[in-house]
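Visitor: Hi, I'm new to this one, could you walk me through it?
Guide: Gladly, let's put it on the screen and start there.

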Amino acid sequence: DGMAELASYTAMVGHAPGELMWYRQWNEPLIAGGEVQQTARAGITPIITWEPQDPTNQTDPRYALSAIAAGAWDTYITQSAQAAARTGTPLLVNFAPEMNGSWSPWGPGHNANTPQSFVAAYRHVVEIFRAQGATNVGWVWAPNADWNAQSVYASYYPGDGYVDWLGVDGYKFGTTTQDGWLTPAQIFGRSYAALEGISAKPIVIEEIASSEVGGNKA
């Protein structure tokens, strides 16, 4: 039981986390059960990272960003918006993160995806949620940490009218890659500065992890 694990974690560290994030793909419902309400009742902000893909077929052209923007998924998005509104609970949705990475099925190099088609798809999803009255949903936009952040990030940004939180994902791979053992400033510094240059919206580190190999993880 996820809530039991969360309670155990809270007891171990002596403090509940400020937010709890989980993943949903587009071959399943955005809202499944009462996890949003349960998380909120625990005083924790729920964040759903919403990935437009079927993980069993990541090259499926039906999930192309251009198809999403053109309305091919409007029924699913509308149903998701209605379900989110019915929770009656403030929550955040992190739509299609790491969109600047080629490893993401919605990123460059897949299904003719471009920064322009990403922006169009993102705005389209947000507009449907608003039309369905899902005003309890806030929106996170979270690229991956990138040494060319300033130019890359700006091309993918949907605009302040569509984003509530700027996010960034970054990882320390230790000596398993040629980057070596990086400090947090080395991982996030340039990206953080780029985000500040794009918008005055609040910034959250959406995903972070560290290798065990090459230094002191703790």
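Guide: What follows is a short tour of a sheet, a pair of helices and a loop, and please keep in mind that this is a predicted model.

Visitor: Okay, the sheet then. How many strands form it, and in what order?
Guide: The open sheet is formed by 6 strands, which follow the order 1-2-3-4-5-6, and their pairing is parallel.

Visitor: And which ones are the edge strands?
Guide: Those are strand 1, covering 19-25, and strand 6, covering 203-210, each of which pairs on one side only. From one strand to the next, the twist averages 30°.

Visitor: Can we zoom in on one pair, say strand 4 and strand 5? Over how many bridges do they pair?
Guide: Strand 4, residues 137-141, and strand 5, residues 165-172, pair over 2 bridges in the parallel sense. If you look for a particular pair of residues there, tryptophan 141 stands opposite leucine 166, which belongs to strand 5.

Visitor: Switching to helices: how do helix 4 and helix 5 cross?
Guide: In general, two packed helices are described by the angle between their axes and the distance between those axes. Here the axes of helix 4 (residues 74-86) and helix 5 (residues 115-131) come within 9 Å of each other and cross at roughly 50°.

Visitor: So what do you call that, and which hand is it?
Guide: An angle of roughly 50° is neither under 35 degrees nor in the range of 65 to 115 degrees, and helix 4 and helix 5 are therefore oblique to each other. The crossing of these two helices is right-handed.

Visitor: Which residues meet there?
Guide: From helix 4 the residues are Asp74, Ile77, Thr78, Ser80, Ala81 and Ala84, and they meet His124, Val125, Ile128 and Phe129 in helix 5. Sorted by class, the contact of helix 4 with helix 5 has 6 nonpolar, 3 polar and 1 charged residues.

Visitor: Last topic, the loop between strand 3 and helix 5. What about asparagine 111?
Guide: Asparagine 111 is found in that loop, with strand 3 covering 91-95, and asparagine 111 has a positive phi of about 50° although it is not a glycine.

Visitor: And alanine 112, where does that lie?
Guide: Alanine 112 lies in the loop between strand 3 and helix 5 as well, and alanine 112 has a positive phi of about 60°, although it is not a glycine.

Visitor: Are they buried or exposed?
Guide: Asparagine 111 has 27% relative accessibility, so it counts as partly exposed. Alanine 112 is exposed, because its relative accessible area is 70% and the cut-off for exposed is over 50%.

Methods:
Residues numbered from 1 in each chain as written. Predicted model: local features only at pLDDT ≥ 70, side-chain atom pairs only at ≥ 80, totals over all residues. Heavy atoms only, no water. Axes fitted to C-alpha atoms, helices over the stretch in contact; angles between N-to-C directions. Helix = DSSP H or I, 4+ residues; strand = E, 2+ residues; numbered from the N terminus. Parallel < 35°, antiparallel > 145°, perpendicular 65-115°, else oblique. Left-handed = near helix turned anticlockwise from the far one by under 90°. Contact = heavy atoms within 4.5 Å. Nonpolar A, V, L, I, M, F, W, Y, C, P; charged D, E, K, R; others polar. Pairing = 2+ DSSP bridges. Buried < 20%, exposed > 50% of the residue type's maximum accessible area, 1.4 Å probe, protein only.
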